[in-house]
Amino acid sequence: MAEYGDALSAPFWEAATRHELIVQRCGACGHHQFYPRPYCLECQSDDVAWVVVAGGGTIYAQTTVHIQIAPECMPPYTAALVDLDEGPRLLTNIVGGETQIGDRVRLMWRERNDEPPLPIFAPDSSAS
Ligand code: ZN
């Protein structure tokens with residue numbers, strides 16, 4: 001696949017084609033961050049490297065979208081902010097069932113034509 005994204009985000013999209021969700025981890029202080037930056041937001045170190053996250057998260061906020069905004073997203077659908085267990089907050093979609101704020105979710109992927117898959121989330125049935 002041709003390179004997708006800019007120099008900072010290209011590794012993210014390259015990993016997405018392997019269904020790996022990666023975020024940056026600071027080698028100096030251990031802070032995880034997303035979106036990628038050239039330095040750590042916590043300690044300003046430039047010792048940031050990509051790591052694969054486990055794929056678990058918690059819904060921080062969500063809303064049901066009834067208006068078509070993007071051609072690949074047919075309403076109604078659930079847009080949500082998900083806090084990854086590693087810390088970063090992701091704007092994403094929830095699929096596969098009703099959810100509420102605070103629910104546990106797990107990573108899935110939405111395949112797209114001619115573009116890398118998008119990380120989305122579904123209710124984590126193993127969580128209680
Ligand atoms: Zn740091």
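How many bridges join strand β1 (residues 22-26) to β3? Select both strands and you'll find 5 bridges, with the two running antiparallel. A strand here is a DSSP run of E with at least two residues, numbered from the N terminus, and two strands pair if DSSP finds at least two bridges between them.

Before going on, some ground rules. This is a predicted model, with local features needing pLDDT of at least 70 and side-chain atom pairs counted only at pLDDT 80 or more, while totals for chains, interfaces and linings use all residues. Residues are numbered from 1 along each chain as its sequence is written, and side-chain values use heavy atoms, leaving out hydrogens and water.

**Stop 1: the sheet**

Stay on β1 and pick I22; its bridge partner in β3 is V52. Now add β2, and you have an open sheet of 3 strands in the order β2-β1-β3, paired antiparallel. β2 (32-33) and β3 (48-52) stand at the edges with a single partner strand each, so one side of each has no neighbour in the sheet.

**Stop 2: the zinc ion**

Next, select the zinc ion along with C26, C29, C40 and C43. Their SG atoms are its protein donors, lying 2.3 Å from it; a donor is an N, O or S atom within 2.8 Å of the metal (3.2 Å for Na, K and Ca), and with water not among the atoms, sites may look incomplete. Along the sequence, the spacing reads C-x2-C-x10-C-x2-C. The 4 donor atoms subtend angles of 105 to 115°, so the arrangement is tetrahedral (four donors with all angles between 85 and 135 degrees). For reference, the ideal angle for four tetrahedral donors is 109.5 degrees.

Colour by accessibility here: C26 is buried at 1% relative accessibility, whereas C29 is partly exposed at 42%. Buried means under 20% relative accessible area, exposed over 50%, and partly exposed in between, using a 1.4 Å probe and protein chains only.

**Stop 3: the salt bridges**

A salt bridge puts a side-chain nitrogen of Lys or Arg within 4 Å of a carboxyl oxygen of Asp or Glu, and the count by this rule is 5. Try R18 and E20, at 3.1 Å from N to O; a network of salt bridges links them with E14.

Then jump to D85 and R104, which meet in a salt bridge at 2.7 Å. This pair connects distant parts of the chain, 19 residues apart: D85 is in the loop between β5 (77-84) and β6 (89-94), and R104 is in strand β7 (residues 104-112). Finish on R89, whose salt bridge with D83 has its closest N and O atoms 2.6 Å apart.

How values were computed:
Helices (H or I, at least four residues) and strands (E, at least two) are DSSP runs, numbered from the N terminus. Four donors count as tetrahedral if all angles lie between 85 and 135 degrees; four count as square planar and six as octahedral if opposite donors are over 155 degrees apart and all others between 65 and 115; anything else is irregular.
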